[in-house]
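These entries record what I looked up in the structure, taken in the order in which I consulted it.

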Amino acid sequence: MTKKQSIVINIVLSLTFVCYMDSLTQIVLGAAVGEAVLGRKVGNKAMLYGAIAGTIPDLDVLASFFTDNVTALYVHRGFTHSIVFSVLFAPILAWIVTRYETYKNFKNWTWLFFLAFVTHPILDAHTTWGTQLFWPFDLRLAFKNIFVVDPLYTVPFLIFLILAMRQKRTTAKRRFYNNMGLIISTTYLAITLLLKWAAYTKFESALKEQNIAYLDIDTRPSALNTILWSANVQTNDAYLLGNYSFFDSQPITFESYPKNHDLLGSLVEDKSVKQMIAISEGWYTITKDNNTLYFNDLRFGLLSLKPKSDSFVFKYKLDVDPSGKVLFIEAPKDSNDGKKLLSELWQRLKGN
């Protein structure tokens, strides 16, 4: 196996793990919602249909097979993650299911699919990417209080769902287990909002103590936890990136990254460039290497916690095709980036 093949395989496996865990979370949520609506009537079938419905909104990722990278990113978590989609497609799936299931209550099946659909984007709204819950209005909700994969949210939820699944559909214990899963996961989600507020105030205080004038500040949790938080701070000409763990004993430090937006020149008028700027919500830098421009999306941070690292999670090479259209080509990643980052995050999480 060549080094290039090894790198590709590691990247694919890493992305597959994240996508799998993200999908697992939505499956568990959808199944629990399905159980809450129709568990007493149809038993484990309610969980099955809820789980299926909980994954359907993410089918919008298939757009990447039919269009360019930028357009695929732009439509992700759009229509299929909206209330409109939930309202339109819940009765359609309910009608289909009532054609062959023995339980024929159209209203209850509609409620199952609607709630399984709509809770998916509501949960996504708490992540960094966010979601267009109110599509077609151009408003992306992104509370950024939980990472797309968080074991403390998913694992307890899954355990209670399995316990509920093993009980007879009419028993009180089955409802108890399912309700506990919903209550604990929702409570944890609420706690992460408080943790985000606490981290935000720490960053705000650090900026004040260091006499740093800024225009905006954006905070988010690091991968797989809500103990270590990151902040992007916008100043006139640069972005400051910093990290804070609730176990820290030393002051917060910030690394400066020049915006360099002027390097885009006339490319800023290109449709794809405008879309990427909108997708990044303006949190981006432009870097130049060997006369090649790179677009760095700051919302998801870096693949390394080392000072002055330029290994952004989402880094795109800008290329222009013969027709003049700007193409965004994701920069290759090293096979060990993920492992190194997890190791660095674990060390940093324990405090500075």
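Entry 1. I classed the residues around the second largest cavity of this predicted model and found seven nonpolar, two charged and no polar residues in its lining. I then listed the lining by name: L73, W129, M276, I279, D297, R299, F300, F314 and Y316. The space in this cavity comes to about 30 Å³.

Entry 2. I asked which elements each supply at least two residues of that lining. They are helix 8, strand 6 and strand 7. Strand 6 gives the most, with three residues.

Entry 3. I turned to the sheet to which strand 6 and strand 7 belong. I noted an open sheet of four strands in the order 5-6-7-8, with antiparallel pairing. Strand 5 (284–289) and strand 8 (326–330) each have a single partner strand and stand at the edges, so one side of each lacks a neighbour in the sheet. Ignoring direction, I recorded an average turn of 30 degrees between neighbouring strands of this sheet.

Entry 4. I looked up how strand 6 (residues 292–302) is joined to strand 7 (residues 312–320). The two run antiparallel, and five bridges join them. Across this pair, I found Y294 opposite K317 of strand 7. As a general point, I note that strands of a sheet pair through backbone hydrogen bonds, either parallel or antiparallel.

Entry 5. I next placed helix 8 (residues 271–279) relative to the sheet. Helix 8 lies across strand 5, strand 6, strand 7 and strand 8, and I noted that it runs at about 45 degrees to strand 8. Helix 8 is thus entered twice in these notes: across the strands, and as one of the elements supplying at least two residues to the lining of the second largest cavity.

Entry 6. How many cavities of 30 Å³ or more does the count give? I recorded two. The largest holds about 90 Å³ of space.

Entry 7. I examined the lining of the largest cavity, which has 13 residues. Those that lie nearest its centre are T25, L123, T127, F147 and V148. By class, I entered six nonpolar, four polar and three charged residues.

Entry 8. I closed with the helices around the largest cavity. Helix 1 (3–42), helix 5 (106–124) and helix 6 (151–165) each supply at least two residues of its lining. Helix 1 gives the most to this lining, with three residues.

Conventions:
Residues numbered from 1 in each chain as written. Predicted model: local features only at pLDDT ≥ 70, side-chain atom pairs only at ≥ 80, totals over all residues. Heavy atoms only, no water. Pairing = 2+ DSSP bridges. Axes fitted to C-alpha atoms, helices over the stretch in contact; angles between N-to-C directions. Contact = heavy atoms within 4.5 Å. 1 Å grid on protein atoms, 1.4 Å probe; cavity = no way out; pocket = protein on both sides within 12 Å on 5 of 7 lines; lining within 4 Å. Points joined across faces, edges and corners; volume = space filled by probe spheres on them. Nonpolar A, V, L, I, M, F, W, Y, C, P; charged D, E, K, R; others polar.
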